[in-house]
Amino acid sequence: MYTDNHTFFAPVTYILAGIPGMEESHVWISIPFCLMYIVTLIGNSLLLFIILTEQSLHEPMYLFVSMLAAADLLLSITAVPKMLAVFWFGAGEISFAACLTQMFFIHVSFLSAILLAMAFDRYVAICNPLRYTIILTNSVIGKMGLAVVTRSFCFIFPLIFLVKQLKFCRTNRLPHNYCDYVDIARLACDDITVSIWYGVATAILVIGLDAMLIAVSYGLILRAVFQLPTKEARLKALHTCGSHVCVILMFYTPAFFSSFALRFGHIIPGYILNLLANLYVLIPPMLNPIVYGVTTKEILKRVINVYFLLMLSL
């Protein structure tokens, strides 16, 4: 079919280009990527194992941490193996269905919603401690987890539908090492205004709204903390939020810089944009279990126990 001198086609496969402009360095870049992936798998798997097998950790805070670890694993397993295949073997070919699947799990926004749920957990623990276990029962936590998944799916499915409706007539080469929604849409010969604006609206309503509610939660938490009678009580209350604040910063900082870089892509080299986008996929899932393992005494104690048990068994 010919329209406006374009031949439209339904893409069967895409070609992931890795990091254009740095092809000669792909093998070297893959080394830290691989190390971060290994740390992510080990750290989050260990965190899940400890929380699920240790009865004393079946409390709201740790159940939310286990949700975060599961989301981190899902994000990493979806994106990083294909990145490494591109770097090591030049295996950039990916089917359209696999590309949409990868795009779905990268953009599904589980992490943002889980961080909001964790902020609510800290708010209840500090502002209403006597009713903490009454409010956050296992049933309520389960419903919150279901709400996280349902909301994420409801927002991302229209994005997938919009991409599948696009007509393509240009190259099937993506200037990236994983499937990104914006990159796929830009290959289309259709008007992508609706797709782009839906993506912007989703970012504002999902990640932006979550960030605002998290900020409100911590505003209320700080107000409650500064009303505590002693300095020791204030420090103890703030310490319980320290790991969560670190995780929030690690999630939103790469996301902010990636978004900022995309808006000014015309003055920033493409390889810088790619590296910034990779930070979102690599850094938070790797550092989250480290932060909780180091700053949470109960988890750190059990990590040390697991380590000694492994050493004794060798």
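**View 1. Leu-213, a partly exposed residue of helix H8.** With a relative accessible area of 36%, Leu-213 is partly exposed, because that class lies between the under 20% of buried residues and the over 50% of exposed ones. All the views here come from a predicted model. Leu-213 sits in helix H8, which runs over residues 193-225. A handy distance to check on screen is the one to Phe-120: the two residues are 93 places apart along the chain, and their C-alpha atoms are separated by 9.0 Å.

**View 2. Phe-226, in the loop that follows in the chain between H8 and H9.** Is Phe-226 buried or exposed? Phe-226 counts as exposed, since its relative accessibility is 58% and exposed means over 50%. For a sense of scale, take Tyr-123: it lies 103 residues from Phe-226 along the chain, with 14 Å between their C-alpha atoms.

**View 3. Leu-46 and its partners from further along the chain.** Leu-46 belongs to helix H1, residues 26-53. At 25% relative accessibility, this leucine counts as partly exposed. Leaving aside residues up to four places away in sequence, Leu-46 touches Val-303 and Val-306. Gly-293 makes a good reference point as well: 247 residues separate Leu-46 and Gly-293 in sequence, while their C-alpha atoms are 9.8 Å apart in space.

**View 4. Cys-169, a buried loop residue.** Look for Cys-169 in the loop between helix H6 (138-165) and strand E5 (173-174). Cys-169 is buried, as its relative accessible area is 16% and the limit for buried is under 20%. From Cys-169 to Ala-203 the sequence separation is 34 residues, and the C-alpha to C-alpha distance is 28 Å.

**View 5. Tyr-14 in the largest nonpolar core.** This core holds 90 residues, and those with the most contacts inside it are Tyr-14, Leu-115 and Ile-184. Helix H2 supplies the largest share of the core, 16 residues. Which residues does Tyr-14 touch, not counting those up to four places away in sequence? Its partners are Gly-92, Glu-93, Ile-94, Phe-96, Cys-99, Phe-168, Asn-172, Leu-174, Ile-184 and Leu-187.

**View 6. The second largest pocket and its lining.** If you like to start from a volume, this pocket has about 410 Å³. Its lining consists of 19 residues, and Met-61, Tyr-62, Thr-240, Thr-296 and Glu-298 lie nearest the pocket centre. Two or more lining residues come from each of helix H2 (60-89), helix H4 (110-127), helix H5 (132-135), helix H9 (231-263) and helix H11 (297-313). The largest share, four residues, belongs to H9. Sorted by class, the lining has six nonpolar, seven polar and six charged residues.

**View 7. Two of the segments annotated as transmembrane in UniProt.** The unreviewed UniProt entry gives the annotation "transmembrane region" to residues 27-50, 62-88, 94-120, 140-163, 196-221, 241-262 and 268-292. Here is what the model shows for two of these stretches. Over residues 27-50 the chain is 100% helix and 0% strand, with 34 Å between the end C-alpha atoms. Residues 140-163 are likewise 100% helix and 0% strand, and the end C-alpha atoms of that stretch are 35 Å apart.

Technical notes. Residues are numbered from 1 along each chain as its sequence is written. This is a predicted model: local features need pLDDT of at least 70, side-chain atom pairs count only at pLDDT 80 or more; totals for chains, interfaces and linings use all residues. Side-chain values use heavy atoms; hydrogens and water are left out. On a 1 Å grid over the protein atoms alone, a cavity is a set of points where a 1.4 Å probe fits but cannot get out, and a pocket is an open set with protein on both sides within 12 Å along at least five of seven lines; lining residues have an atom within 4 Å of a point. Grid points are joined across faces, edges and corners, and a volume is the space filled by probe spheres set on the points. Ala, Val, Leu, Ile, Met, Phe, Trp, Tyr, Cys and Pro count as nonpolar, Asp, Glu, Lys and Arg as charged, and the others, Gly among them, as polar. A nonpolar core is a set of buried Ala, Val, Leu, Ile, Met, Phe, Trp, Tyr and Cys residues joined through side-chain atoms within 4.5 Å. Buried means under 20% relative accessible area, exposed over 50%, partly exposed in between (1.4 Å probe, protein chains only). Contact means heavy atoms within 4.5 Å. UniProt positions are given in the numbering used here, feature names are shortened, and annotations may be inferred rather than shown by experiment.
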